[in-house]
Amino acid sequence: MERGTISLCSDENFWAPYAFSYDGKSSGTNIEIAKEALKRLGYRVKAQPLSWQRCLSEARKGNYDVIVSAAYRPERAADFYYPPGAEAGEISPYRIIQASYALVTRRGYVWDGIRDNLPHPVGLPKGYSNALELEETGVKAVYAERYSQLFRMLLRGRLNGIIVLEPAARIYLLDEDYRNKLTVQPAIYSSKSYYLIVSKKGKLALDQAKMLWSEVKSIREDNDEMYNIQMKVLKQLRKCLSAAKDCKR
């Protein structure tokens with residue numbers, strides 16, 4: 001039985017392979033998992049890439065039902081449903097992905113993995129959980145909307161390090177502009193569970209959100225389904241990276 005349309009918003013930043021924007025559409029493994037989970041529950045899906053800050057703001061107001069995807073933050077939990085146990089900060093069975101972040105620097109610098117020894121100034125996307133956590137420790141950072149802006153600032157010497165999703169960082173470093181000038185530090189900066197978070201002002205009640213998270217878990221644990229999703233996203237990613245204006249910009 002069809003239950004109507006659920007609207008999703010996702011970050012338009014290049015958060016590949018999990019989420020990215022290409023040709024005005026939301027793409028990535030997290031997007032495909034979310035669509036399949038909602039389809040199994042009988043919903044149609046409409047997905048829209050937005051700036052991260054706007055996605056959060058619009059979903060808080062109920063203009064989007066689900067965000068794909070977000071780490072746990074206590075202030076977000078006032079406006080969004082999270083899976084049970086998300087606040088514990090451990091690897092969750094209801095995660096859509098476990099994401100690792102890396103520190104990217106210019107070549108020749110070696111980071112010891114200790115956060116107190118981060119090179120300053122350090123850059124991050126505005127509003128990301130890593131940025132909010134750094135703010136809480138009193139560290140001054142430089143913020144930008146997109147990874148592409150941070151990479152250019154690092155290359156030009158305006159920053160001494162940037163905190164970036166690890167697989168996305170490695171895709172950026174394939175570019176000739178960065179390949180022999182920047183490096184991903186070996187030590188992982190952080191690892192977080194990311195979730196489909198459900199607006200408390202949207203169409204899904206908590207019971208329906210729980211069904212959605214259960215479907216996400218089922219899909220993520222299905223090797224055949226995940227292989228199909230990953231192959232589909234790989235094709236999308238190749239197209240977007242080979243376009244005249246590729247999706248990293």
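How many of the 18 residues of strand S11 are buried? Let me start there, with the reminder that what we have in front of us is a predicted model, and that everything I say this morning is computed from that model. The answer is 13, so to speak the greater part of the strand, and S11 counts as mostly covered.

Let me go through the partners of S11. Strand S5, residues 66-70, runs antiparallel to S11 and is joined to it by four bridges, and within that pairing Ile67 stands opposite Ile197. Strand S6, residues 80-81, is also antiparallel to S11, here through two bridges, with Tyr81 standing opposite Val198. Then there is S7, which pairs with S11 in the antiparallel sense over nine bridges, and in that pairing Ala99 has Lys192 as its bridge partner. As a general reminder for reading these strands, side chains in a regular strand alternate between the two faces of the sheet.

Lys192 brings me to the largest pocket, since Lys192 is listed with Ala71, Tyr72, Gly89 and Glu133 as the residues nearest the centre of that pocket, out of a lining of 15. The space in the largest pocket is about 240 Å³, and the largest share of its lining, five residues, is contributed by S11. Sorted by class, that lining holds six charged, five nonpolar and four polar residues.

The second largest pocket has about 170 Å³ of space. The elements giving two or more residues to its lining are strand S3 (25-27), helix H1 (29-40), strand S4 (44-50) and helix H7 (223-242). Among the lining residues are Tyr22, Asp23, Lys25, Glu32, Lys46 and Lys239, and the lining as a whole divides into six charged, three polar and three nonpolar residues.

I would like to stay with Asp23 for a moment, because its relative accessible area of 63% is over the 50% cut-off and the residue therefore counts as exposed. Asp23 is found in the loop between S2 and S3, and its phi is positive, at about 55°, although the residue is not a glycine. For context, most residues other than glycine have a negative phi, and most peptide bonds are trans.

On that second point, the model contains cis peptide bonds that deserve a look. One runs from Ala16 to Pro17, with omega near 5°, and Pro17 is found in the loop between strand S1 (5-11) and strand S2 (20-22). Another joins His120 and Pro121, where omega is about 0°, and Pro121 lies in the loop between S7 and S8.

Now to the interior. Which residues of helix H3, residues 129-136, are buried? They are Ser129, Asn130, Ala131, Leu132 and Leu134, and the elements covering them include strands S7 (97-106), S8 (122-125), S9 (141-144), S10 (161-165) and, once more, S11 (182-199). Just after H3, Gly138 takes a positive phi of about 85°.

Ser129 also takes part in lining the largest cavity, together with, among others, Asp11, Trp15, Trp52, Arg76, Tyr128 and Tyr194. The count of cavities of 30 Å³ or more comes to one, and about 130 Å³ of space lies in it. Its lining is made up, by class, of eight nonpolar, two polar and two charged residues.

Two of those lining residues, Trp52 and Tyr128, lead to the last topic, which is the aromatic pairs, of which the structure holds twelve. Why is the pair of Trp52 and Tyr128 called edge-to-face? Their ring centres are 6.2 Å apart and their planes stand at 80°, which is over the cut-off of 60 degrees, so the pair falls in that class. Trp52 lies in helix H2, residues 52-60, whereas Tyr128 lies in the loop between S8 and H3, so the pair ties together parts that are 76 residues apart in sequence. Both residues are under the 20% cut-off and therefore count as buried, Trp52 at 6% relative accessibility and Tyr128 at 7%. Elsewhere among the aromatics, ring pairs link Phe14, Phe20, Phe151, Tyr172 and Tyr178 into a cluster.

To return to the opening question, S11 is a strand with 13 of 18 residues buried, pairing with S7 over nine bridges and giving five residues to the lining of the largest pocket.

Key: Residues numbered from 1 in each chain as written. Predicted model: local features only at pLDDT ≥ 70, side-chain atom pairs only at ≥ 80, totals over all residues. Heavy atoms only, no water. 1 Å grid on protein atoms, 1.4 Å probe; cavity = no way out; pocket = protein on both sides within 12 Å on 5 of 7 lines; lining within 4 Å. Points joined across faces, edges and corners; volume = space filled by probe spheres on them. Nonpolar A, V, L, I, M, F, W, Y, C, P; charged D, E, K, R; others polar. Buried < 20%, exposed > 50% of the residue type's maximum accessible area, 1.4 Å probe, protein only. Contact = heavy atoms within 4.5 Å. Pairing = 2+ DSSP bridges. Phe/Tyr/Trp six-rings, centres within 6.5 Å; stacked < 30°, edge-to-face > 60°.
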